[in-house]
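Student: Could you take me through this one and show where each label comes from? I'd like to see the cut-offs next to the values.

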Amino acid sequence: MERMILNYIRQNEMICRGDTVVAGISGGADSMALLHILKEFSKSNYIKIIAAHINHNLRGGESDLDEMLVRDYCDNNGIQLKVLSADIKGFCAFKGLSLEEGGRIVRYNFFNLIKRRNGSVKVATGHHKDDQVETVLMRIIRGTGINGLKGIDPVREDGVIRPLLLARKSDILNYCHEKSIPYRHDASNMETDYHRNSIRHELMPLLKKYNPIIDESIANLSKIAREYEEHITAEVDEIWHKYKDKASISYNELSREAPLMQKKVLLRKYKEICDNIKFQHAHLEKAVEKIGDKEDTTWTVSLPNDFLLRRSYDKITVESKKTNRATPYFEYKIYPGKSYVLSKIKIVVETALKKNDKKQKKPEKQGEFLFDYDKIIAIGEHIVLRQRKPGDRIRPLGHKNKRKIKEILIDNKIPSDNRDSILVFEVGNEIIWLAGIAASEEFKVTEDTKKIMRLAFYKIQEEINA
Ligand SMILES: Nc1ncnc2c1ncn2[C@@H]1O[C@H](COP(=O)(O)OP(=O)(O)OP(=O)(O)O)[C@@H](O)[C@H]1O
């Protein structure tokens with residue numbers, strides 16, 4: 001077993017010459033075997049080992065005996081040791097965590113602290129093949145994709161390494177006996193991980209009745225999944241430059257990728273702004289289904305953690321639902337003969353222009369429109385300037401019937417992000433103008449118009465008060 005592990009370390013380039021390795025040692029057979037093997041490795045490779053033990057103080061005197069065993073072994077073998085005595089129960093109660101979760105957080109925080117203080121880049125733990133098989137089974141039961149089938153990573157990006165991942169628990173126990181390596185039964189075992197324990201003691205024996213080498217089969221499945229994932233990751237790396245660090249993804253570009261690549265790109269994009277791994281397959285399925293529908297040019301798909309995936313024509317963005325409404329709702333009363341300023345937009349309402357004033361007959365810019373003032377005052381004394389509301393309608397110029405404003409905005413290819421800042425002018429209950437986009441047929445200037453009202457809006461540099 002020792003030779004297999006040493007080869008595994010080399011093949012996966014887990015440890016390099018000159019590395020300082022922080023090894024998490026609980027006092028159980030796995031981590032004690034790990035420490036022994038690291039010591040063997042250090043004989044032919046120049047590396048420094050720092051053992052790290054956390055006394056979880058969960059099992060009274062038993063916890064202290066675990067600590068003593070680790071201390072003795074390190075003393076006898078000239079290995080530097082760091083010990084943390086932690087009140088895991090108190091910590092978990094305070095944080096509202098399970099003992100497993102809390103214990104894990106405290107452990108890895110301690111390992112990382114030692115790592116930082118000693119300029120180390122590696123943290124080694126004693127996870128082995130049985131842990132791997134249980135982890136994969138637990139994930140299958142909970143629901144997982146190919147990525148989850150990979151199980152525990154032998155080498156993590158943050159420098160955590162698992163040199164024993166190919167060794168079975170029984171081989172580790174034999175190795176400890178063969179080499180007279182001391183260990184404590186159930187060291188640090190919190191015995192509260194009910195799910196893992198029932199998989200180990202109930203489900204695995206049951207599965208073995210159907211397939212005596214089920215653990216090997218699952219370990220192989222995990223290896224195959226890892227190969228597939230690594231291959232796909234390399235493929236995504238190849239195309240990622242098109243999407244990386246861009247505020248939005250081009251729909252035309254993304255829709256040309258295979259559905260699997262679309263999912264991988266969207267997942268990476270999501271992770272660029274939100275480090276949440278609880279992404280469910282259903283989210284990606286929905287997104288790919290939407291991307292496949294070429295007719296539907298504006299849509300949103302909910303993502304975890306209050307995020308949204310939004311398509312607005314050629315733009316696909318991942319955005320927070322909280323900032324979804326870029327412009328909060330606004331509604332103001334405005335009166336003819338005055339001008340107003342609303343977040344850097346100046347609004348002018350002029351009236352009583354004579355119809356025969358040729359200069360005013362036609363709107364000069366897209367930012368203004370002329371209305372029949374008599375028709376306006378017939379239905380209301382003031383104008384309401386507001387944000388659009390669901391169900392808003394207007395009868396656009398040249399149309400017989402009213403149309404939904406939403407459809408008009410879509411037809412005009414107004415990106416959904418900008419729709420809430422469009423100015424809606426309403427008199428009575430009639431929308432007379434969708435600023436710069438559509439004016440009402442009913443209030444336009446005609447041959448019979450006697451007085452004209454001019455509505456105009458301009459972008460201004462500085463905000464000033466009306
Ligand atoms: N008390 C401890 N002190 C130091 N290292 C520990 C301690 N307990 C566990 N470890 C390290 O973590 C490894 C995994 O332990 P164990 O399987 O009990 O934890 P887990 O919670 O299932 O795994 P993980 O830490 O990845 O969540 C051990 O082999 C050992 O390297």
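Tutor: Here are some labels, each set against its definition. This is a predicted model, where local features need pLDDT of at least 70, side-chain atom pairs count only at pLDDT 80 or more, and totals for chains, interfaces and linings use all residues. Residues are numbered from 1 along each chain as its sequence is written.

Student: What makes up the chain in terms of helices and strands?

Tutor: You get 16 helices and 20 strands. Those are DSSP runs numbered from the N terminus: H or I with at least four residues for helices, E with at least two for strands.

Student: Why is E13 called exposed?

Tutor: A residue is exposed with 12 or fewer other C-beta atoms within 10 Å of its own, buried with 20 or more, and partly exposed in between, with C-beta atoms placed from the backbone. E13 has 9 such neighbours, so E13 counts as exposed. E13 sits in the loop between α1 (2–11) and β1 (20–24), and its phi is positive, about 45°, although E13 is not a glycine.

Student: And what makes Y313 partly exposed?

Tutor: Y313 has 14 C-beta neighbours inside 10 Å, so it falls in the in-between class. Y313 is in the loop between β8 (307–312) and β9 (315–320), and also has a positive phi, near 60°.

Student: Why is α12 called oblique to α13?

Tutor: The axes of α12 (residues 259–273) and α13 (residues 281–292) come within 10 Å and cross at roughly 120°. Axes are lines fitted to C-alpha atoms, for helices over the stretch in contact, and angles run from 0 to 180 degrees between N-to-C directions. Under 35 degrees is roughly parallel, over 145 roughly antiparallel, 65 to 115 roughly perpendicular, and the rest oblique. That crossing angle therefore makes α12 oblique to α13.

Student: Which residues of α12 and α13 make the contact?

Tutor: P259, Q262, K263, L266 and L267 of α12 meet L284, A287, V288 and I291 of α13; contact means C-beta atoms, placed from the backbone, within 7 Å.

Student: How do you know that β10 and β19 are edge strands?

Tutor: The open sheet runs β10-β14-β17-β18-β19, with antiparallel pairing. β10 (331–334) and β19 (438–439) each have a single partner strand, so one side of each is left without a neighbour in the sheet.

Student: What makes β18 and β19 a pair?

Tutor: Pairing takes at least two DSSP bridges between the strands. Two bridges join β18 (residues 430–434) to β19, so the pair meets that cut-off. L434 stands opposite A438 in β19.

Terms used:
Two residues are in contact if their C-beta atoms, placed from the backbone, lie within 7 Å.
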